[in-house]
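Here's a quick look at how this model packs inside. Have the viewer open as you read.

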Amino acid sequence: RNAARRIRDKDYSLKMFFDDCVAAFPELSLYLPLPGDDEKLLSSGRTGDDEYQRTVGAFFAIYWLMRVDNLGGREGFSFGVGDNWQCPPLSELLGVGKASRNGGNFFALSSEEKQTSFFSKAKWHLFQQLFKDAGMITEEGQVDEERVLSMLVLTAVHDIMKAEIFCPKVQKEHAPYRGYEAGDELLDHDLALAYVLQFYPNLLPSVAGLSPDARRAVLFTQAKLDYNQGWLVQGESPPGILFRTFKSVLNAERTVNKDIAFYFVHWVTDLAGAIPSPLAGAEKFVLKFPHAVLESFLMSFPVVKQLADKTETAVFEDYLKMRWREHDPPLGEVPTDPSAIAQMRIICMAQANAVNSLAAFKKLSEADQQLLSVEMSRTACAGATYSSTAEVVQAGEAFAPGGPAFLVYYGPALLQNGGGDDECVLKVLVEVYREARSLYPLGSSPEESTVTIRVDTIKEKPVATLHAAAENEEIWLLVHHNVREAFVERATVSKLNELAAHNRKFRVLNLRPARALARKPEARKE
């Protein structure tokens, strides 16, 4: 408990914290081979030593983020420490990366410039608020020892089941367990740990010492939530498929808001330590993650907590409105007309290209605007509508209810990598939605259903390349794979014959440029 109790003490160093964690958590030894044994790759494809170092990195992220209020946490998280376990003087650190000449292009910055930028510009108050919401720090800055200890225990044991020798088999008295029958081996490391935490917690000494409430919070983090944070941050998914399982787990477990925040603290610190060099700081976030994207993630956490009390659709709409209000540069008043959800999702999808994509949306034809407005406003929640579309749905206009809704997988990448012609990129998105609806007519499945439309084959192709291919009679198809998925695929004659021979459903995407340039007349010869 010393690590949890002293984690915010001014004179409690990173080295002291590390030594206390190693002494306190015997499960850490499970990552490493026994003396004389050859080191084997774990189910993650990494060595046990790598997983151990990643776990230590997550520990250090907890330590640093618990100390961001002038206790050295910002420096350690951003820059790491040297071989002496100390950060160099701040004046020295800031001097190394201060002369950036690369503007706002994150990927053009040097490592030192990224570190300096992160230290100076990160929204540290969002990290601190997340830890407060999780009950780990009080509003007065005091440590909740039991809550911090729970997070440290979770961090220590989280990945031990990646060593498949420890994975349990479902016992007869517990079958069926999450779709597995008696005798089935649980090789999913999260599921295996959840099974042990639920039925055999005393096998893990660190878990055995926790209170029942603390064990419950730890077990919640291992629940199968089917939740993709990127889908929310990028506005990629309808709220039904995004939040349905998460909300059902919350209802079943009677989870409180601070446990949801606890889940996100684990998510953040686990990812922060993902690169197995813990003394170098939180390199995953500082060097690999565009800082604006991380900020979007942090801003989403307080909104998602509302799932305990609000519907999936209301939470998603609240998040979209928040993103619109917080956008820099300002976008004006939050839209309230029937195109509001489409506009707000587009700015989330486009990320740094949001302003251009929003302007391009307003240049689309009325029919194309309406198509995006309708399809991007489907919730995949039975009977649920957004506030901006409630009246037109009731009036039975174009927004008539029905399923399926569409998740255009890699749609954000399409808008972010379109090669500069933002209006044409949006027209590609319009065409994908239009032909998806032809393949999956409205009412062909329940309102709460979702079909995934995969556009990864075209997500990074400049729109000019797509236009050129279309003008050369090359074809892109949207191919029906099953009741829940359709993929954009490039067609050849043999491909078309094969699809026809097997009675496969598909639609041809019209990706020709909307306005073909007239050919200039040849100069007249005298």
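What follows covers the cores, one helix pair and one enclosed helix.

## Ground rules

This is a predicted model, where local features need pLDDT of at least 70, side-chain atom pairs count only at pLDDT 80 or more, and totals for chains, interfaces and linings use all residues. Numbering starts from 1 along each chain as its sequence is written, and side-chain values use heavy atoms, with hydrogens and water left out.

## Two cores

The largest nonpolar core (buried Ala, Val, Leu, Ile, Met, Phe, Trp, Tyr and Cys residues joined through side-chain atoms within 4.5 Å) has 110 residues. Buried means under 20% relative accessible area with a 1.4 Å probe, protein chains only. Phe17, Phe77, Tyr227 and Phe246 have the most contacts inside this core. Helix H3 (residues 48-65) gives the most to it, with 9 residues; helices are DSSP runs of H or I, at least four residues, numbered from the N terminus.

A second, separate core has 37 residues, including Ala342 and Leu426.

## H19 against H23

Helix H19 (residues 354-363) and helix H23 (residues 422-439) pack at about 70°, axes 8 Å apart. Axes are lines fitted to C-alpha atoms over the stretch in contact, with angles from 0 to 180 degrees between N-to-C directions. H19 and H23 are therefore roughly perpendicular (65 to 115 degrees). Contact (heavy atoms within 4.5 Å) involves Asn356, Ser357, Ala360, Phe361 and Lys363 of H19, and Asp422, Glu423 and Leu426 of H23.

## An enclosed helix

In helix H18 (residues 340-350), 11 of the 11 residues are buried, so H18 is largely enclosed by the rest of the structure. Its cover includes H19 and H23. Just after H18, Gln351 takes a positive phi of about 55°.

Conventions: Buried means under 20% relative accessible area, exposed over 50%, partly exposed in between (1.4 Å probe, protein chains only). Helices (H or I, at least four residues) and strands (E, at least two) are DSSP runs, numbered from the N terminus. Angles under 35 degrees count as roughly parallel, over 145 as roughly antiparallel, 65 to 115 as roughly perpendicular and the rest as oblique.
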